[in-house]
Amino acid sequence: MTAINYSEKIPNNVNLSEDRTLQRALEHWQPNYLQWWKDMGPEGSQNFDVYLRTAVSVDPQGWAQFGHVKMPDYRWGIFMNQAQQDRKIHFGDNMGGDVWQDVPGEHRANLRRIIVTQGDTEPASVEQQRHLGLTAPSQYDLRNLFQVNVEEGRHLWAMVYLLHKYFGRDGREEAEALLERNSGNDDNPRILQAFNEKTPDWLSFFMFTYFTDRDGKFQLCALAESAFDPLARTTKFMLTEEAHHMFVGESGVGRVIQRTVDAMNQLKTDDVGKLRAAGVIDLPTLQRYINFHFSVTIDLFGADQSSNAATFYSSGLKGRYEESKRADDHILKGNTYKVLEVQNGQLVEKEVPMLNALNEVLRDDYITDSKGGVDRWNRIIDKAGIPFKLSVPHKAFHRNIGALAGVKVSTEGRVLSDSEWSAKVSEWLPSNEDRAYVASLMGRVVEPGKFANWIAPPVVGINRQPADFDYIRFN
Ligand SMILES: [Fe+2]
Ligand SMILES: [Fe+2]
């Protein structure tokens, strides 16, 4: 059951051929998807042979297959983790009951909304990144971008399968709409604001894959706990793909830092002007990019108090991160949690019912996780003997949703007046000048084994390929 059937038009491990109607409906959606890929996917890349990995099974070993493929020929399909026998609902009001193999009528609208919202982010990020291939810093990086892109396309397939199979006509309509909304489109934008922002340069791409794909990880982890078993099994497999995206981000930023600290030591300077003249990205600019991407991403978890979050949890639709490892009663009726708000010009903690604060719980778990990589980046700086520390900004900094929306708070967590904020904001968030400088570095390096000046080579190639491997055949 874990092996994937590649002999069918739509590769799958869900016995798709046993349900002719469903198969036909998905085969009808397939050309629309391919048209979307051609119109909105990686620009000018249709003819390239790209060294991609393809899942041959959903086992951990199932990623061993690598080969050169044209992206429009990538075998997008439907892969689910194996069913766990006698799986029980392990949180919320239905705890102890059998998990659902179908959608209970009373949860239909909420589940559809959850699946559509998740599904919408997947093609959105492909759209946001579609121009990046034109300025790749190396073949290795170009290949990683394309790998991320095809897998986000695959994640769209994962959600579309659930919509088609379990939501009838509404589901089919939603699946079409997922190809019609476009990132940044004024008339028909993507659902979540962060997915309508531009990803204008490769530093933004690495920050996005580190911070924003990690939001994806936490949302998927919460859905992998779901009482709706097909959703749980689907998202579990998606998580194995997500891990690579975050690796691209963490190692990408790490290599930028490596190059910068090497230049700092070579030139014996921390002067931003001199470092920019040398064509590397100074550490204060990196810090501002971190501040931006971190704050925009933590907004994605939603309002700090939300009755929807409570409903999703109590009805078993969406659990907490690592739900089963937690020691409480998994019902949370009398529990409380601390959220932040501003009182008399100060940030104060307020205890609220935990069920209503589950967005905040997930956001806090995310914050803890995202600090790990920042610590590893600091080790690169440390090792170079440079006294500089990167950090994530305070949770209340530059927020746009919930009780902290629009409140002016410093990266350290001090509430500011509008004029204090205006005086300092260019120290905290990328200025137009920073962005223009980073943009000026973006060129196109495509010779095998060569890297742009602003980024160090990776320690090891993809699938242990040598440094000068031809990851992309441009044809
Ligand atoms: Fe994804
Ligand atoms: Fe991702």
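In this predicted model, three strands form an open sheet. Their order is 2-1-5, and the pairing is antiparallel. Strand 2 (65–70) and strand 5 (472–473) are the edge strands. Each of them pairs on one side only. Strand 1 covers residues 49–54, and six bridges hold it to strand 2 in the antiparallel sense. Within this pairing, R53 stands opposite F66 of strand 2. In a regular strand, side chains alternate between the two faces of the sheet.

A further pair of strands lies elsewhere in the sequence. Strand 3 takes in residues 336–343, and strand 4 takes in residues 346–353. They run antiparallel and are joined by eight bridges. Here V342 stands opposite L347 in strand 4. The two strands make a hairpin with two residues between them. In that hairpin N344 has a positive phi, near 50 degrees.

Next come the metals. What does the iron ion called ligand 1 bind to in the protein? Its protein donors are E122 (OE), E152 (OE) and H155 (ND1). They lie 2.0 to 2.2 Å from the ion. Along the chain, these donors follow the spacing E-x29-E-x2-H. E152 and H155 share helix 3. They are three residues apart there, about one turn of the helix. Both E152 and H155 are buried.

The iron ion called ligand 2 has four protein donors around it. They are E152 (OE), D213 (OD), E242 (OE) and H245 (ND1), at 1.8 to 2.2 Å. Their spacing in sequence reads E-x60-D-x28-E-x2-H. Which residue links the two iron ions? E152 coordinates both, and the ions are 3.5 Å apart. E152 and H245 also connect distant parts of the chain. E152 is in helix 3, while H245 is in helix 6 (residues 229–267), 93 residues apart. Both of these donors are buried: E152 has a relative accessible area of 3%, and H245 has one of 0%.

Why is the arrangement around ligand 2 called irregular? The four donor atoms subtend angles of 91 to 172 degrees, so the arrangement counts as irregular. A tetrahedral site would need all angles between 85 and 135 degrees, and the upper end here is 172 degrees. For comparison, the ideal angle for four tetrahedral donors is 109.5 degrees.

Now turn to the aromatic rings. A pair of rings is described by the distance of the centres and the angle of the planes. The model holds 34 aromatic pairs. One of them joins Y33 and W157, with centres 5.6 Å apart and planes at 65 degrees. Planes over 60 degrees apart count as edge-to-face, so this pair is edge-to-face. Y33 belongs to helix 1 (residues 20–40) and W157 to helix 3 (residues 139–166). The pair therefore ties together parts that are 124 residues apart in sequence. Both Y33 and W157 are buried.

W421 and W428 form another aromatic pair, and this one is tilted. Their centres are 5.9 Å apart, with 50 degrees between the planes. W421 is buried, with a relative accessible area of 12%. W428 is buried too, at 11%. Other rings gather in a group. Y210, F211, F218, F294, F301, Y321, Y366 and W377 form one aromatic cluster.

Rings can also lie beneath a charge. R435 lies over the face of Y289, at 5.2 Å from the ring centre. The charged end of R435 also sits over the ring of F292, 4.9 Å from its centre.

One last residue to find is Q287. Where does it lie? Q287 is in helix 8 (residues 283–298). Is Q287 buried or exposed? Its relative accessibility is 13%, and buried means under 20%, so Q287 counts as buried. Leaving out residues up to four places away in sequence, Q287 touches K389, L390 and S391. K236 gives a contrasting view of distance. Q287 and K236 are 51 residues apart in sequence, and their C-alpha atoms are 33 Å apart in space.

Note on methods: Residues are numbered from 1 along each chain as its sequence is written. Chains are lettered from A and ligands numbered from 1 in the order in which they are written. This is a predicted model: local features need pLDDT of at least 70, side-chain atom pairs count only at pLDDT 80 or more; totals for chains, interfaces and linings use all residues. Side-chain values use heavy atoms; hydrogens and water are left out. Rings of Phe, Tyr and Trp (its six-membered ring) pair if their centres lie within 6.5 Å; planes under 30 degrees apart count as stacked, over 60 as edge-to-face and the rest as tilted. Helices (H or I, at least four residues) and strands (E, at least two) are DSSP runs, numbered from the N terminus. Buried means under 20% relative accessible area, exposed over 50%, partly exposed in between (1.4 Å probe, protein chains only). A charge sits over a ring if NZ of Lys or CZ of Arg is within 6 Å of the ring centre and within 35 degrees of the ring normal. Two strands pair if DSSP finds at least two bridges between them. Donors are N, O and S atoms within 2.8 Å of the metal (3.2 Å for Na, K and Ca); water is not among the atoms, so sites may look incomplete. Four donors count as tetrahedral if all angles lie between 85 and 135 degrees; four count as square planar and six as octahedral if opposite donors are over 155 degrees apart and all others between 65 and 115; anything else is irregular. Contact means heavy atoms within 4.5 Å.
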